[in-house]
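This report walks through the fold of one protein chain, sheet by sheet and helix by helix. Please keep the structure open beside the text while reading.

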Amino acid sequence: MKIYRALESRSRSSGYFIGEHLWNLPGISCSRCKEVWATTGVAYPAIQLSEFIDLKNAQKESVVDVDEFIKLEAMVLDRFPHLEIITPGTSFGNLVGTLRGRNFTDFVPSTPWTLLMQEDTLNALSNSGTLDRLEYGRVQLKDDSLVPGTLFEAQLMPRGHLILSSNGLTEDSACSLCGRRSITLPPRMKVTANSIPDELNLFRLANFTTIVVATQKFVDAYIQLKLTGLEFDEIEIVEDQS
Ligand SMILES: [Zn+2]
């Protein structure tokens with residue numbers, strides 16, 4: 001098996017999407033490490049928070065202390081126990097925004113950690129069996145006249161463990177109170193084999209959540225369907241972290 005980092009295509013210009021998710025968990029202000037932080041990349045667009053949680057107070061401040069965040073995290077995990085990772089700054093619900101430009105590719109550029117696709121693309125990939133078990137959110141466009149159908153955001157579950165030790169950092173360097181790690185992307189990406197999900201062909205790395213990963217099966221379908229908007233760089237798979 002091979003896996004690849006999925007990146008926005010650099011070889012073809014395209015119109016793009018700009019917008020925000022409906023809900024975002026607040027960031028953390030930590031009394032131990034003194035950092036104020038939030039994670040980029042963790043998003044669950046298929047999950048609507050409005051039914052059960054009032055984030056108004058938390059979002060008003062946009063930063064809370066660790067205890068307050070743990071309470072929020074527990075409320076979300078209690079309702080959605082299949083979400084293994086909830087970080088400060090986690091986004092939920094539909095993307096709401098606008099399209100800019102023209103000549104849209106099948107995968108529409110947004111942020112590098114977001115995967116947006118046109119409706120025909122979603123249907124074609126679904127029919128190929130490539131998107132089994134993948135959930136997605138419908139993008140709310142303020143101006144939907146620019147693309148022929150609806151846009152969808154893939155809900156990329158945080159899976160797959162990137163080895164960081166080769167970058168001079170250890171896995172134990174997290175703050176003991178808030179869990180914050182200061183990490184940078186290693187020059188050569190390696191993911192442990194046993195952390196790769198069997199059931200998903202698209203996911204994001206659990207410990208580097210801005211990296212979107214596609215399996216060989218996804219890349220094969222992408223090529224066969226002659227889709228546009230993405231590029232793929234192979235990621236090395238290793239058996240363990242030694
Ligand atoms: Zn801390």
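## Strands, helices and loops

Strand S13 and strand S16 run parallel and are joined by three bridges. Within this pairing, Val191 has Ile237 of S16 as its bridge partner. The model in which these elements are seen is a predicted one, and this should be kept in mind throughout the report.

**The five-stranded sheet**

The pair just described belongs to an open sheet of five strands, whose order is S13-S16-S1-S15-S14 and whose pairing is mixed. At the edges stand S13, which covers residues 190–192, and S14, which covers 202–205; each has a single partner strand, so one side of each is left without a neighbour in the sheet. On average, and with direction ignored, neighbouring strands of this sheet are turned by 45 degrees against each other.

As background, the strands of a sheet pair through backbone hydrogen bonds, and they do this either parallel or antiparallel. In this sheet, S1 and S16 pair in the antiparallel sense over six bridges, and in that pairing Ile3 has Ile235 of S16 as its bridge partner. S14 and strand S15, the latter made of residues 208–215, also run antiparallel, and four bridges join them; here Leu202 stands opposite Ala214 in S15.

Which helix packs on this sheet? Helix H4, made of residues 216–224, does so, touching strand S1 (3–8), S14, S15 and strand S16 (230–238), and the direction of H4 makes about 65 degrees with that of S15.

**The three-stranded sheet**

A further open sheet is formed by three strands in the order S4-S3-S6, and its pairing is mixed. S4 and strand S6 (63–64) stand at the edges, and because each has a single partner strand, one side of each is left without a neighbour in the sheet. Two bridges join S3 to S4, and these strands run antiparallel, with Ser29 standing opposite Val36 in S4.

The bridge counts given so far, from both sheets, are set side by side below.

| Strands | Sense | Bridges |
|---|---|---|
| S13 and S16 | parallel | three bridges |
| S1 and S16 | antiparallel | six bridges |
| S14 and S15 | antiparallel | four bridges |
| S3 and S4 | antiparallel | two bridges |

**Helix H3 and the loop after it**

Which residues of helix H3 are buried? In this helix, which covers residues 119–127, they are Thr121, Leu122, Ala124 and Leu125. When H3 is seen down its axis, these buried residues fall within an arc of 165 degrees, so they line one face of the helix. What covers the buried residues of H3 includes strand S8 (107–108), strand S9 (116–118), strand S12 (151–154) and H4, and H4 is also the helix that packs on the five-stranded sheet.

Just after H3 comes Gly129, which takes a positive phi of about 80 degrees. Asp132 is found in the loop between H3 and strand S10, the strand of residues 136–138. Is Asp132 buried or exposed? Asp132 counts as exposed, because it has 11 C-beta neighbours inside 10 Å, and a residue is called exposed if that number is 12 or fewer. Along the chain, Asp132 and Thr105 are 27 residues apart, and their C-alpha atoms are separated by 23 Å.

**Two lysines with positive phi**

Positive phi values also occur in residues other than glycine, including Lys34, whose phi is near 65 degrees. Lys34 has its place in the loop between strand S3 (27–29) and strand S4 (36–37), and this lysine is exposed, because 8 other C-beta atoms lie within 10 Å. For Lys226, another residue other than glycine with a positive value, phi is near 55 degrees. Lys226 has its place in the loop between H4 and S16, and since Lys226 has 8 C-beta neighbours inside 10 Å, it counts as exposed.

**The chain as a whole**

Taken together, the chain holds four helices and 16 strands. Its C-alpha atoms fill a box of roughly 50 × 45 × 30 Å, taken along the principal axes. For 242 residues, a compact globule would have a radius of gyration near 18 Å, and the value for the chain, 18 Å, agrees with this. Of the 242 residues, 36% are buried. Among the contacts in the chain with a separation of 6 or more, 80% are accounted for by residues 24 or more positions apart.

Note on methods:
Residues numbered from 1 in each chain as written. Predicted model: local features only at pLDDT ≥ 70, side-chain atom pairs only at ≥ 80, totals over all residues. Pairing = 2+ DSSP bridges. Axes fitted to C-alpha atoms, helices over the stretch in contact; angles between N-to-C directions. Contact = placed C-beta atoms within 7 Å. Rg over C-alpha atoms; globule rule 2.2 N^0.38 Å. Buried ≥ 20, exposed ≤ 12 C-beta atoms within 10 Å, placed from the backbone. Arc of directions from axis to C-beta.
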